[in-house]
There are 2 protein chains.
Amino acid sequence: MVAGKEGTWVGRVHPGWDIFGIANGGYLMAIAAKAMAERAPGRDLTSMSAHFMNPGTPGPVEIVVAPIKTGGTFSTVTSVMRGERPLMAATATFAEPTRRIPEAMIVHSSAPDLPPPESCVRALPSGSGPLPPPFMDKVRVMIHPEDATALRGERTGIARIRGWFGLLDDEPIDPFATVLAADAFPPAVFNTNLPLKWTPTLEMTTYVRDPGPRTWLRCQFRTRFVTGGYLEEDGEMWDEDGTLVAQSRQLALVPR
Amino acid sequence: MVAGKEGTWVGRVHPGWDIFGIANGGYLMAIAAKAMAERAPGRDLTSMSAHFMNPGTPGPVEIVVAPIKTGGTFSTVTSVMRGERPLMAATATFAEPTRRIPEAMIVHSSAPDLPPPESCVRALPSGSGPLPPPFMDKVRVMIHPEDATALRGERTGIARIRGWFGLLDDEPIDPFATVLAADAFPPAVFNTNLPLKWTPTLEMTTYVRDPGPRTWLRCQFRTRFVTGGYLEEDGEMWDEDGTLVAQSRQLALVPR
């Protein structure tokens, strides 16, 4: 990714980050987050929301980045990513590192109970069909055996997927990788009777509650409502010590 | 609100919509949503995310509105609201009404059980202290008697607030009023041991799952995690017939 004319970054959607031929939304968010972070140097990505407009495909993208507020405890930066068509409008808030407060005052839920990564089922590209998608060999998505039934052509009937997320070679997971992790798992509804098809994200917001870094994330994704042609998917990501790392929510269209 | 130079709307934050002297975030979102909707005529507000930068105070605001994608099933419009300082960067997605699909395929949770509005406790400005805030007489926020303890100087210890939201004179609740409703209740953490002080919102996203209109919303707001100096608040809004109307989530700073 290189700086173009002022406020414009030129990057590239690399091949192999797709699902059903469409670039993964979390991958696009991570690219835009890095471009926006250049306008908030030394600060922690805290909150990012993205609205998706058209499917991303491999090739060059232009990201127009506009810092709206800098200075103070929080900076806010907006961005619009375009390929041949507009792809994503995203806004992010970055916090001064002095803002970091380790103390947890209320924790009403806990990290999902998972077998160790080596006892989970790694989602890897099938080589033949479209699922699991090609980008699965660029990260480590290790699914809880109970929830990995869709990989075996079965369904649990519960719209939930739990598992570990790691990068290759134990590369540390920073807030940008956390944004990627939040959209890296198969849709939770793949464990229901909905079609195993592209589930287009309309909007996704991720809150990075603790910047880390860490090597593994304990993740859980759930959908409670499939109504009006839409579904939401809520994610929670924890570290190995039980600290809440991030929360995510996305609104997607029902696959069909 | 009137159109200024192309893409710029001039509006006003009216007095009386404040809490601790700071304009309510849902009120600012509703103002910006209406400005953005002008660029997506005849479409339903479906998803809106807002990043807040500085406290809003009564007076003129300028909203720079930019449609990023129009046409197709969904339109996406961005906006930046400024008073004397930048206040809010918000993006919204609007759906073609033909997109409306009444069918609910998965509903894993249900509307909160509430006594009828007349048996709930209406939050009204105290006239003396800052709580309940002044804007409570511009809407009808009727809190479940079990959760209205903060109004009596007690706490339930559970970060949850349930209740009805209505407009004055039974004015129908459209998607803009739904965005307002999502931020109209006292913070759920007011029922815990956190201070009863301003709880600044950093980011808020509301999904309007069904555009309505309807007269009353059954609402529930919960906080599960107060960590790292932040808290999230998740909201669900339902109609009287048990249809999911909207979901909201905000990231806020711990009041202190």
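The side chains of Asp170(A) and Arg140(A) meet in a salt bridge, at 2.6 Å from N to O. The pair ties together distant parts of the chain, with the two positions 30 residues apart in numbering. This is a predicted model. Over all chains, the structure holds 22 salt bridges. Four of the model's salt bridges run between chain B and chain A.

**The Asp170(A)–Arg140(A) pair**
- Asp170(A) sits in the loop between strand 12 (160-167) and helix 2 (175-181) of chain A.
- Arg140(A) belongs to strand 11 (residues 139-143) of chain A.
- Side chains of opposite charge can pair when their charged atoms come close.

**How the two copies are related**
- A turn of 180 degrees, with a shift of 0.0 Å along the axis, lays chain B on chain A.
- The RMSD of that superposition is 0.0 Å.
- The two copies are therefore related as by a two-fold rotation axis.
- Ser49(B) has the C-alpha nearest the axis in chain B, 3.4 Å from it.

**The contact between the chains**
- Chain B gives 58 residues to the contact, and chain A gives 58 residues.
- The copies meet through the same surface, because 100% of the interface residues of chain B are also interface residues in chain A.
- About 5200 Å² is buried between chain B and chain A.
- Carbon and sulfur atoms account for 59% of that buried area.
- In chain B, the residues that lose the most area to chain A are Ile106(B), Arg209(B) and Arg249(B).
- Together, Ile106(B), Arg209(B) and Arg249(B) make up 14% of what the chain B side buries.

**Polar and charged links across the interface**
- The two chains share four salt bridges.
- One salt bridge joins Arg224(B) to Glu236(A), with the closest N and O atoms 2.7 Å apart.
- Polar contact links 38 residue pairs across the interface, counting pairs with both residues at pLDDT 80 or more.
- Strand 17 (residues 244-253) of chain B gives the most to the side of chain B that touches chain A, with seven residues.
- That side of chain B divides into 26 nonpolar, 19 polar and 13 charged residues.

**Strands that pair between the chains**
- Strand 9 (residues 104-107) of chain A pairs with strand 15 (residues 225-227) of chain B.
- Three bridges join strand 9 of chain A and strand 15 of chain B, which run antiparallel.
- Val107(A) has Phe225(B) as its bridge partner in strand 15 of chain B.

**Backbone features in the loops**
- Most residues other than glycine have a negative phi, and most peptide bonds are trans.
- The peptide bond from Gly212(A) to Pro213(A) is cis, with omega near 5 degrees.
- Pro213(A) is placed in the loop between strand 13 (201-208) and strand 14 (216-222) of chain A.
- In chain B, the bond from Gly212(B) to Pro213(B) is cis, and its omega is near 5 degrees.
- Pro213(B) lies in the loop between strand 13 (201-208) and strand 14 (216-222) of chain B.
- Asp169(B), a residue other than glycine, has a positive phi, near 55 degrees.
- The place of Asp169(B) is the loop between strand 12 (160-167) and helix 2 (175-181) of chain B.

Methods. Residues are numbered from 1 along each chain as its sequence is written. Chains are lettered from A and ligands numbered from 1 in the order in which they are written. This is a predicted model: local features need pLDDT of at least 70, side-chain atom pairs count only at pLDDT 80 or more; totals for chains, interfaces and linings use all residues. Side-chain values use heavy atoms; hydrogens and water are left out. Copies are superposed by least squares on the C-alpha atoms of residues with pLDDT of at least 70 in both. Contact means heavy atoms within 4.5 Å. Buried area is the accessible area (1.4 Å probe) that two parts lose on being put together, summed over both. A polar contact is a pair of N or O atoms within 3.5 Å; within protein, one must be able to donate a hydrogen and the other to accept it, and residues adjacent in sequence count only if both atoms are side-chain atoms. Helices (H or I, at least four residues) and strands (E, at least two) are DSSP runs, numbered from the N terminus. Ala, Val, Leu, Ile, Met, Phe, Trp, Tyr, Cys and Pro count as nonpolar, Asp, Glu, Lys and Arg as charged, and the others, Gly among them, as polar. Two strands pair if DSSP finds at least two bridges between them.
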